[in-house]
Amino acid sequence: MKTKVPEKRSVNVLHIDADEDHVSLQDGRSTNLPLVCIYEATLKRDPKTDV
């Protein structure tokens, strides 16, 4: 699946989390499923003040 990117941009921090999971399919076979999450910097939150 390809997605069109409207424009290229730069970010200060880019996090990339990658892993794989062993998945049992319904037909009895097993396969490795890649899991990738890409996101920009996170914000620190204080649970005491967040409502």
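A residue counts as exposed when its relative accessible area is over 50%, as buried when that value is under 20%, and as partly exposed in between. Keep that cut-off in mind, since we'll lean on it throughout this walk through a predicted model.

Let's start with Val-36, which sits in strand E2. Its relative accessibility is 56%, so Val-36 lands in the exposed class. What is a nonpolar side chain like that part of? Val-36 joins Val-11, Leu-14, Ile-16 and Ile-38 in a nonpolar surface patch of about 470 Å². Strands E1 (14–24) and E2 are the elements that give two or more residues to this patch.

Staying in strand E2, we come to Leu-35. Here the relative accessibility is 41%, so Leu-35 counts as partly exposed. If you want a distance to check in your viewer, try Leu-35 to Asp-21: the two residues are 14 apart along the chain, and their C-alpha atoms are separated by 7.3 Å.

Now for the largest pocket, which holds about 170 Å³ of space. Which residues line it? Going along the chain, you'll meet Arg-9, Ser-10, Val-11, Leu-14, Ile-38, Tyr-39 and Glu-40. Strand E2, spanning residues 30–40, gives the most to this lining, with 3 residues. By residue class, the lining splits into 4 nonpolar, 1 polar and 2 charged. Some of these names should ring a bell: Val-11, Leu-14 and Ile-38 belong to the nonpolar patch and also help line the pocket.

Next, the charged residues. Side chains of opposite charge can pair when their charged atoms come close. In this model the count comes to 2 salt bridges. One of them is between Arg-9 and Glu-40, with an N to O distance of 2.6 Å. This pair ties together distant parts of the chain, because Arg-9 lies in the segment before E1 while Glu-40 is in strand E2, 31 residues away. Both partners also appear in the lining of the largest pocket. How open are they to the surroundings? Arg-9 has 63% relative accessibility, so it is exposed, whereas Glu-40, at 36%, is partly exposed.

Another salt bridge joins Arg-29 and Asp-27, whose closest N and O atoms are 2.9 Å apart. Arg-29 has a relative accessible area of 54% and is therefore exposed. Asp-27 comes in at 52%, so this partner is exposed too.

Finally, look back toward the start of the chain, at Thr-3 in the segment before E1. With 63% relative accessibility, Thr-3 is another exposed residue. How far apart in space are Thr-3 and Asn-32, C-alpha to C-alpha? The answer is 24 Å, for two residues that are 29 apart in sequence. Arg-9 lies in the segment before E1 as well, and there the salt bridge to Glu-40 brings side chains together at 2.6 Å, N to O.

Notes: Residues numbered from 1 in each chain as written. Predicted model: local features only at pLDDT ≥ 70, side-chain atom pairs only at ≥ 80, totals over all residues. Heavy atoms only, no water. 1 Å grid on protein atoms, 1.4 Å probe; cavity = no way out; pocket = protein on both sides within 12 Å on 5 of 7 lines; lining within 4 Å. Points joined across faces, edges and corners; volume = space filled by probe spheres on them. Helix = DSSP H or I, 4+ residues; strand = E, 2+ residues; numbered from the N terminus. Nonpolar A, V, L, I, M, F, W, Y, C, P; charged D, E, K, R; others polar. Patch = residues over 30% accessible without salt bridge, like charges linked within 9 Å, V, L, I, M, F, W, Y side chains within 5 Å. Areas by Shrake-Rupley, 256 points an atom, 1.4 Å probe, with all protein chains shown as cover. Salt bridge = Lys/Arg side-chain N within 4 Å of Asp/Glu carboxyl O. Buried < 20%, exposed > 50% of the residue type's maximum accessible area, 1.4 Å probe, protein only.
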